[in-house]
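Subject: Structure handover

Hello,

Here is the structure I promised. Please open it next to this message and follow along.

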Amino acid sequence: MILSPFTPLFFPSKKSDGIESRYIQTFAPSDDILIELIGGTSESWICQVMSEPDHSPLFQVQFNTWDITSTVRLRFAVLNLSPGLYSVNLNGHISSIFKVTDDSLELERTTLIQFSMDSNRHRQDAVFFIDGMQRFFDFRVPGGFKDSNWTFAVEGEQFVTDQSDIVQLYGLESTQKKFTLGNSEGCPIWFAEMLNRILCCSYVYFDGERYARKENSAPEATILQENVNSFVFTQNLQRVINIDPELILRHQAIMRRIDNTNYRLTTNNINRLIK
């Protein structure tokens, strides 16, 4: 059984080098923390949500199941938690402590990233369509877009007349933005690994607006302090505005679920997304 790497919680495999980052991952109560396990039909895992810092069990997670093949089964669950400090114990493998908060000032310093693929064919370690229903992962990160990191570009064609007049045949403008991951305190290295993985998805939304990776750019790290595992990363992105006509209906269906006031994609709402 494997835990999907798109699950938005971090399960450390070994002790890190240097001083650990003090950043605690943050979620809002409306965020869907989607956990996916992929394995054999006869395998069984126990997943418990723990209260922190006393590390006491709160409840056992009840997984839904969906058979990918006759021998491979998906187990999945969505956690919607009230404000507090938590960790997840998955068969003795404990996640990093994370926080759920409804503090608007604290949430303003974060960005909610929602992502999905256009089919299940792209990855073997995650499922994005379950019985014909599309699912999105929620991943909340520290950081956002700065106005000083915008770049403007244009693609077009012109010609000059014999009277030195410039005639525009066509032009298509674009705006590239640099997303800053990590605020003044920085964030652990695995945040950038997750962001790099997310940007390989077909649909990626930052606070309700769709973006795509600019060319083959990857997160660039800035070390805040030597021997401290906290970094600030930057990533070049371009907002997706001009959509292929064949994708308009699909995009509109998704955007009805992702807007600037309510980012949540609940299990019931997902059932109505088109395939």
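Contact here means heavy atoms within 4.5 Å. Keep in mind that this is a predicted model.

**Cores**

Start with Phe 115. Leaving aside neighbours within four places in sequence, Phe 115 is in contact with Phe 6, Arg 135, Phe 136, Phe 137 and Phe 139. Its other contacts on that count are Met 194, Ile 198, Cys 201, Tyr 203 and Val 204.

Phe 115 belongs to the largest nonpolar core, which has 34 residues. Together with Phe 206, Phe 115 has the most contacts inside that core. Helix H2, residues 189-198, gives the most to this core: 6 residues. Another core lies apart from it and has 19 residues. Ile 35, Ala 77, Tyr 86 and Leu 90 are among them.

**Strand S11**

Phe 115 sits in strand S11, residues 110-116. How many residues of S11 are buried? The count is 7 of the 7, so the strand is largely enclosed by the rest of the structure. The cut-off for buried is under 20% relative accessible area.

In a regular strand, side chains alternate between the two faces of the sheet. Now look at S11. Thr 110, Leu 112, Gln 114 and Ser 116 point one way. Thr 111, Ile 113 and Phe 115 point the other way. All of these are buried.

Which strands pair with S11? One is S14, residues 137-160, which runs antiparallel to S11 and is joined to it by 6 bridges. Within S14, Asp 138 is the bridge partner of Gln 114. S16, residues 203-206, also pairs with S11 in the antiparallel sense, over 4 bridges. There, Ile 113 has Phe 206 as its bridge partner. Phe 206 is also one of the two residues with the most contacts inside the largest core.

**Val 127**

Next, the loop between S11 and strand S12 (129-130), where Val 127 lies. Is Val 127 buried or exposed? Its relative accessibility is 4%, so Val 127 counts as buried. Not counting residues up to four places away in sequence, Val 127 touches Glu 36, Ile 38, Trp 66, Ile 68, Leu 74, Asn 120 and Phe 137. Take Ile 68: Val 127 and Ile 68 are 59 residues apart in sequence, yet 8.8 Å apart in space, C-alpha to C-alpha.

**Cysteines**

A disulfide is a covalent bond between the sulfur atoms of two cysteines. This structure holds 0 disulfides. Cys 47 has a relative accessible area of 1%, so Cys 47 is buried. Cys 187 is buried as well, at 0%.

Best wishes

Notes:
Residues are numbered from 1 along each chain as its sequence is written. This is a predicted model: local features need pLDDT of at least 70, side-chain atom pairs count only at pLDDT 80 or more; totals for chains, interfaces and linings use all residues. Side-chain values use heavy atoms; hydrogens and water are left out. A nonpolar core is a set of buried Ala, Val, Leu, Ile, Met, Phe, Trp, Tyr and Cys residues joined through side-chain atoms within 4.5 Å. Buried means under 20% relative accessible area, exposed over 50%, partly exposed in between (1.4 Å probe, protein chains only). Helices (H or I, at least four residues) and strands (E, at least two) are DSSP runs, numbered from the N terminus. Two strands pair if DSSP finds at least two bridges between them. A disulfide is a pair of cysteine sulfur atoms within 2.5 Å.
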